[in-house]
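Colleague: Hi! Could you walk me through this one while I have it open?
Modeller: Sure, ask away.

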Amino acid sequence: MSTSSVIPDSAEILTRLRAALSVPLGDAVQGVAEDADLTEALGERYDSLAAMECITAVETQFGVEVDFVADDVRHIFSTLSRITEFVQGRLEDDAALRAASDA
Amino acid sequence: MMVSKDLVADPSAIGTSSGRPDLWCTYAAIRTLAWLNRPDGFVDGERTARYLSSRRNGDGGYAWSRGMASDAWATYYCTQGLTDLLRFGIAEAALGGVAQTTRWLDTTWSGDAFAMMPGQAPDAWATFFSTRTAVEICSGSETVDTERLLKWLSGLQTADGGLAWTPEHAARGEADARACFYGVLAWRALTRTGAHPAPWDVERLVAWLRAQQTPEGGFRFSPDAEVPCMWATYRATVALDALGSGPAAPRACVSWITSLRGETGAFVRWEGYPVEDVWASFCAIGSLRALRAPTEPYADAVTARMRRLACAEGGYTYREPDLAADALSTSASILSHQALGVTTADPAIETRRRWLRGCLLPNEGGVMYMPARGSEVRCTLWALEAGALDGAAHLAGRITPWLRGLQNPDGGFGYWEGRGSDVVSSVSAAEIRRILGDGHGDPLDTAELLRFLDSCRTPGPDEDWQAGNVPGGEPTLRATLQALRARQLLGTPDPRAVARTLTRHHVPGGGYANTGNRIPDLLSTYEAVLTATRHSIPLDREHIRRFCDRVTQEHGTAWTPLAPADGRDLLAECVGDLLRQWVSDDAAALPALTIS
């Protein structure tokens, strides 16, 4: 199995991301544009406590782990497109590491 | 009775204001305007409602500020303030999730009365707040056992007739006009649920309250108080009214109240006090209502004054926002200046220290968060660490007896007089003793404080020493290290327990987490460094630097990697400045700053 075949594309990640974030953020997240700033789009609902819940939801949905110091979590979790990019990059890294360890 | 010249605020001293609203000030302003039926005093009612509702936590309770744990005090002030605003048609004030608030209140029920937070011992403050919240906001709670609550309230009466903070304080004979108010008004709230006779010897209670009226006409907190004040007068007159009585000399009381007015016509706390603060007008109008005296002659001046105290982001503070300095912000600004290399001889530092000394006022010997608000143990510690008594060491003689009186019968300390004990306040008390020394007598009972700290210990793996902030509380890094730091100061150090705690909460990327080891935060990392250095445990400065780099943002220092920094949070700036200094300077020592 090639690495690329197990990694969802960005459109699929975004779809799964919206579904995962609708639990902590409600249905409003479905209508938020990819590049919209989540704080501006969702207002006070998207505070640091809500962002924490979103990180947990992303970790659970995609099986990745966020590092609160090494990763710039405030920047990454400010738009849906940045989260998507982060998830895709982390999945690719994990797949590459698995491939290297299998070799 | 005159105020000592040592305790008269120096008008040339300037503290540091955050410019932000305060919860108690906001409640006092709203309630005063509601009493006067003056909605024109609500400068931006919708924003004020949002300020109050934003204190709500996921557990249904409310907190003093966002991100802090819920407590009875904040829950009462927020829900009452929102209810008052709703009466005036301010739509944003609609209370949501009352059932959840009821469930949170139930977690603070001890079986006999209410505690300020789950796990704490009940006290008169919390019992008043939560009985009223339960009866007036939540329409009753099935958990509250009225008979047991009345029995607990009955135990507040002291041998001389007044009421104390808890039955244990009553056994020590420590009656206070504020405790009388809280006890009596909790009982009165209960009478809404049925006919319950007052559970005290009312004749002796009335006599004790009346005896607190001074020849000037105002009331004092207790026979030990130095001067009569508007706060004590409000608590006493309302309690007497609720008991169907009144002062022995009501006209003298009204004259005293109405004489204490400043240039704007709003009220001041006591004779000669220069600031017409929010609480003085709240207490004056509340007292006049209890005395059945007219309030209309003062309504215009008080309403205009309240409008001047409104903050841009909604809510109110105690005086004009740009002048509304507080002890924590002022101490933080001094300590930040020092961390950034400003010498202690800088005039700006000395004028702030003089302002802090102005927070030592009559009737309570500690430093007040805001002048005339009531002494607070954490603020006293921050002020002392910021050098408030430099050049005024004689004032330590006021703080020591106040601290001694603050120790609760369970051995611990609470934030202020009569408030239930917790580890944060207890380690603050131990640090205050370290700074003041024993030149004015020992301010605390070591064995009793150790007993309280042990009661906060929770079972951990391998018999580790772990503690929650209150007995039965969830163990956290901060509570555990604060308890261990206090134990060291009390002569029972346990460096192995400190080392194990640090290992347990070490975040690999950088910093320390309060729970688990994933999400580091500024306060926990500061506590880790402080307690480790006190126990001579070496830390990796590079590991702390990585954390500092992550929370250092364009506009200032953030409390966590997820939180935004806006540069206006002086406490976060101070803690960040001190940690960054520690990372870069081997000789830097952290002051014992403790907030939660």
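**Chatting through the model**

Modeller: Let me start with one helix of this predicted model. Helix α24 of chain B covers residues 570-584, and at 1.5 Å a residue its 15 residues should span 21 Å; the end C-alpha atoms are 21 Å apart, so expectation and model agree.

Colleague: Nice. Is α24(B) mostly covered or mostly open?
Modeller: Mostly covered: 12 of its 15 residues are buried.

Colleague: Which residues of α24(B) are the buried ones?
Modeller: Going along the helix, they are B:Leu570, B:Leu571, B:Ala572, B:Glu573, B:Cys574, B:Val575, B:Gly576, B:Leu578, B:Leu579, B:Arg580, B:Trp582 and B:Val583.

Colleague: And what do they pack against?
Modeller: Three helices and two strands of chain B: α14 (327-339), α22 (522-534) and α23 (541-551), plus β3 (552-553) and β4 (556-557).

Colleague: Let's stay with α23(B). At what angle does it pack on α24(B)?
Modeller: The angle is about 145°, and the two axes lie 9 Å apart. The crossing of α23(B) and α24(B) is left-handed.

Colleague: Which residues make that contact?
Modeller: From α23(B) you have B:Arg541, B:Ile544, B:Arg545, B:Cys548 and B:Val551; α24(B) brings B:Gly576, B:Leu579, B:Arg580 and B:Val583. Sorted by class, the contact has five nonpolar, one polar and three charged residues.

Colleague: Changing topic: where is B:Ser375?
Modeller: B:Ser375 sits in a loop of chain B, between α15 (347-357) and α16 (377-385).

Colleague: Buried or exposed, and why?
Modeller: B:Ser375 is buried, because 25 other C-beta atoms lie within 10 Å, and the cut-off for buried is 20 or more.

Colleague: What does B:Ser375 touch?
Modeller: Leaving out residues up to four places away in sequence, B:Ser375 touches B:Glu364, B:Gly365, B:Gly366, B:Val367, B:Met368, B:Thr380, B:Trp402 and B:Trp416.

Colleague: How far is B:Ser375 from B:Ala124?
Modeller: They are 251 residues apart in sequence, and 17 Å apart in space from C-alpha to C-alpha.

Colleague: I also marked B:Asn469. Where does that one fall?
Modeller: B:Asn469 is in the chain B loop between β2 (466-467) and α20 (477-489). B:Asn469 counts as buried, because it has 25 C-beta neighbours inside 10 Å.

Colleague: Which residues are its contacts?
Modeller: Again not counting residues up to four places away in sequence, B:Asn469 touches B:Asp422, B:Val423, B:Val424 and B:Ala479. As for B:Arg541, that residue is 72 residues from B:Asn469 along the chain, with their C-alpha atoms separated by 28 Å.

Colleague: OK, over to chain A. What is its secondary structure?
Modeller: Chain A has six helices and zero strands.

Colleague: What are its dimensions?
Modeller: Along the principal axes, the C-alpha atoms of chain A fill a box of roughly 50 × 30 × 20 Å. A compact globule with 103 residues would have a radius of gyration near 13 Å, and chain A has 14 Å, which agrees.

Colleague: How much of chain A is buried?
Modeller: Buried residues make up 22% of its 103 residues. Taking contacts in chain A between residues at least 6 apart in sequence, 64% join residues at least 24 apart.

Colleague: Last one: how many residues does each chain put into the contact between A and B?
Modeller: Chain B gives 16 residues and chain A gives 10 residues. On the chain B side that touches chain A, there are eight nonpolar, five polar and three charged residues.

Technical notes
Residues are numbered from 1 along each chain as its sequence is written. Chains are lettered from A and ligands numbered from 1 in the order in which they are written. This is a predicted model: local features need pLDDT of at least 70, side-chain atom pairs count only at pLDDT 80 or more; totals for chains, interfaces and linings use all residues. Helices (H or I, at least four residues) and strands (E, at least two) are DSSP runs, numbered from the N terminus. Two residues are in contact if their C-beta atoms, placed from the backbone, lie within 7 Å. The expected span of a helix is 1.5 Å times one less than its number of residues. The radius of gyration is taken over C-alpha atoms; the globule rule is 2.2 Å times the number of residues to the power 0.38. Axes are lines fitted to C-alpha atoms, for helices over the stretch in contact, and angles run from 0 to 180 degrees between N-to-C directions. A crossing is left-handed if the near helix is turned anticlockwise from the far one by less than a right angle, and right-handed if clockwise. Ala, Val, Leu, Ile, Met, Phe, Trp, Tyr, Cys and Pro count as nonpolar, Asp, Glu, Lys and Arg as charged, and the others, Gly among them, as polar.
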